[in-house]
Amino acid sequence: MSHDSVLILDFGSQYTQLIARCVRSLQVYCEIHPYRINLEKIKELQPKALILSGSPFSHYQEGAPQPDPAIWSLGIPILGICYGMQLVADHFGGKIERHDKREYGHAQLEIKTPCRLLEGLSDSEQVWMSHGDSVSVLPEGFVTLASTANAPHAAIAHSTLPVFGLQFHPEVVHTPCGRQILANFALKIAGCKPDWTPESFVQSAIRTIRASVGGQKVILGLSGGVDSSVAAMLLYEAIGDQLIPIFVDNGLLRYHEAERVRESFAAVPGLKINFVDASDLFLQKLAGVADPEAKRRIIGATFIEVFESEARKLSEVGFLAQGTLYPDVIESVSLRGPSATIKSHHNVGGLPEKMKLRLIEPLRELFKDEVREVGRQLGLPATLIGRHPFPGPGLAVRIIGAVDAQKIRCLQLVDEIFISELRKWNLYDKTWQAFAVLLPVQSVGVMGDERTYDNVCALRAVNSLDGMTADWTQLPLDFLKHVSSRIINEVQGINRVVYDISSKPPATIEWE
């Protein structure tokens with residue numbers, strides 16, 4: 001089953017993924033490709049419409065990105081956003097002016113001319129601006145649809161062609177009417193059918209997997225996280241016992257993680273998971289290593305070693321499955337050209353080449369929220385589908401400094417108390433990610449009549465859409481007081497708890 005689709009040409013905007021996610025929320029399939037994609041590839045993809053993204057470049061800047069000029073003759077609707085609007089105006093002969101001061105933030109959009117693109121909007125709407133250049137003279141054949149105080153041509157349209165431009169960003173939450181605008185473009189103007197649903201994806205993916213795999217076996221590194229669990233269920237639905245999931249316990253996982261994975265998949269008795277306890281090997285190789293990048297490299301290399309060893313015990317294996325998601329695919333291609341690798345913590349680098357296996361990535365078309373919807377469609381339990389993200393290197397990057405068994409046990413207990421209390425207080429599902437960090441700091445304390453000199457742990461909770469930016473979560477003070485009391489009373493070696501109130505940027509979500 002093929003879907004109607006919208007193609008986004010990426011000119012480097014920080015918001016490009018938000019455009020795609022917004023379009024997909026309309027149940028319209030959408031792909032992002034670098035702006036330099038050629039006409040032949042575009043025709044092969046057969047999109048029903050194009051969206052030109054924003055860009056950090058100025059229109060006048062030397063080397064500013066330009067699309068294949070043939071896109072203007074495709075005859076399909078085109079929507080330019082911010083920099084994309086300037087490309088539209090420039091192509092059709094308009095003038096773009098550089099402002100001395102960049103306009104960034106809220107603006108009030110005043111509708112001037114009725115148009116299908118702005119159907120359903122009131123006469124005045126709040127929008128989000130982020131630009132340094134703007135259209136000063138409209139190209140011939142265009143009309144102004146709307147304006148703001150500082151942008152006389154904030155929305156434009158060609159009088160006869162389905163070509164539109166927006167100076168503001170409809171894809172961000174700060175433009176409340178933005179989803180309606182994108183819906184008008186994709187559904188009404190481009191005529192896309194809203195049939196990109198979890199159910200249709202599952203049906204299509206199962207057919208594709210079966211056709212690709214045939215009678216061969218597939219091995220999958222199952223971590224217990226959302227991505228690998230959904231990939232496992234999708235593959236199992238497609239090929240049954242041809243799937244061989246391998247769960248490697250590296251000793252750096254969450255509290256009782258292996259047991260909880262068993263429980264999560266207990267309702268699928270036909271899914272036989274190979275559990276491998278390699279915790280001693282990982283801890284031995286990490287002994288005395290404090291540098292975070294060194295820890296990551298050791299964990300990655302050791303995982304490959306263990307995984308490869310287990311795979312050698314199997315016969316008739318032809319494929320390695322990975323839970324690669326669409327953002328990983330997008331990020332593997334930079335604005336200027338392909339990067340060397342996809343992020344190392346997102347896949348098992350090197351395995352296909354070493355093991356002579358073909359790679360299968362059943363989730364590579366999906367964003368994280370779509371993966372969760374597919375998981376629900378496949379019947380995975382809500383407790384698994386709603387799990388917070390967990391880093392590939394595990395607790396090794398949440399223990400600042402060298403790692404040992406005692407520190408891991410301590411942090412597992414702290415983290416378990418924090419997470420279990422979030423669930424009890426109905427705060428877990430209102431938080432995008434929460435975890436604890438063990439600091440290489442000791443402080444003086446008093447327990448009973450004795451003086452203590454024990455460790456400090458930090459609690460971290462953030463809200464985010466995709467991890468690219470994040471705000472610290474304002475958890476209730478009564479909750480934090482209760483959690484702190486439990487940790488200090490129940491976890492030996494901790495006498496002080498702090499709460500991290502830094503946002504990303506400038507901080508990152510994880511501490512290492």
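The following exercises work through backbone geometry and one sheet in a predicted model.

Residues are numbered from 1 along each chain as its sequence is written. Because the model is predicted, local features need pLDDT of at least 70 and side-chain atom pairs count only at pLDDT 80 or more, while totals for chains, interfaces and linings use all residues; side-chain values use heavy atoms, with hydrogens and water left out.

**Exercise 1. Determine which peptide bonds around Pro505 are cis, and where Pro505 lies.**

Step 1. The bond joining Lys504 and Pro505 is cis, with omega about -15 degrees.

Step 2. The bond joining Pro505 and Pro506 is likewise a cis peptide bond, with omega about 10 degrees.

Step 3. Pro505 is placed in the segment after strand S18 (494-499), and Pro506 is in the segment after S18; strands here are DSSP runs (E, at least two residues) and helices are DSSP runs (H or I, at least four), numbered from the N terminus.

**Exercise 2. For Gln27 and Cys82, state phi, the surrounding elements and the exposure class.**

Step 1. Gln27, a residue other than glycine, has a positive phi near 65 degrees, and its position is the loop between helix H1 (16-24) and strand S2 (29-34).

Step 2. With 35% relative accessibility, Gln27 counts as partly exposed, a class lying between buried (under 20% relative accessible area) and exposed (over 50%), for a 1.4 Å probe and protein chains only.

Step 3. Cys82 also has a positive phi, near 60 degrees, and it is found in the loop between strand S4 (78-81) and helix H3 (83-91); at 6% relative accessibility, Cys82 counts as buried.

**Exercise 3. Describe the sheet that contains S11 and S12, together with helices H6 and H7 lying across its strands.**

Step 1. The sheet is open and has 5 strands in the order S12-S11-S10-S13-S14, with parallel pairing, where two strands pair if DSSP finds at least two bridges between them.

Step 2. Strand S12 (274-277) and strand S14 (358-360) stand at the edges with a single partner strand each, so one side of each has no neighbour in the sheet. The twist averages 30 degrees from one strand to the next, angles running from 0 to 180 degrees between N-to-C directions of axes fitted to C-alpha atoms, for helices over the stretch in contact (heavy atoms within 4.5 Å).

Step 3. S11 (residues 243-249) and S12 pair in the parallel sense over 4 bridges, and Ile246 stands opposite Asn274 in S12.

Step 4. Helix H6 (residues 226-239) lies across S10 (217-221), S11, S13 (317-321) and S14, running at about 165 degrees to S10, whereas helix H7 (residues 257-264) lies across S11 and S12, at about 155 degrees to S11.
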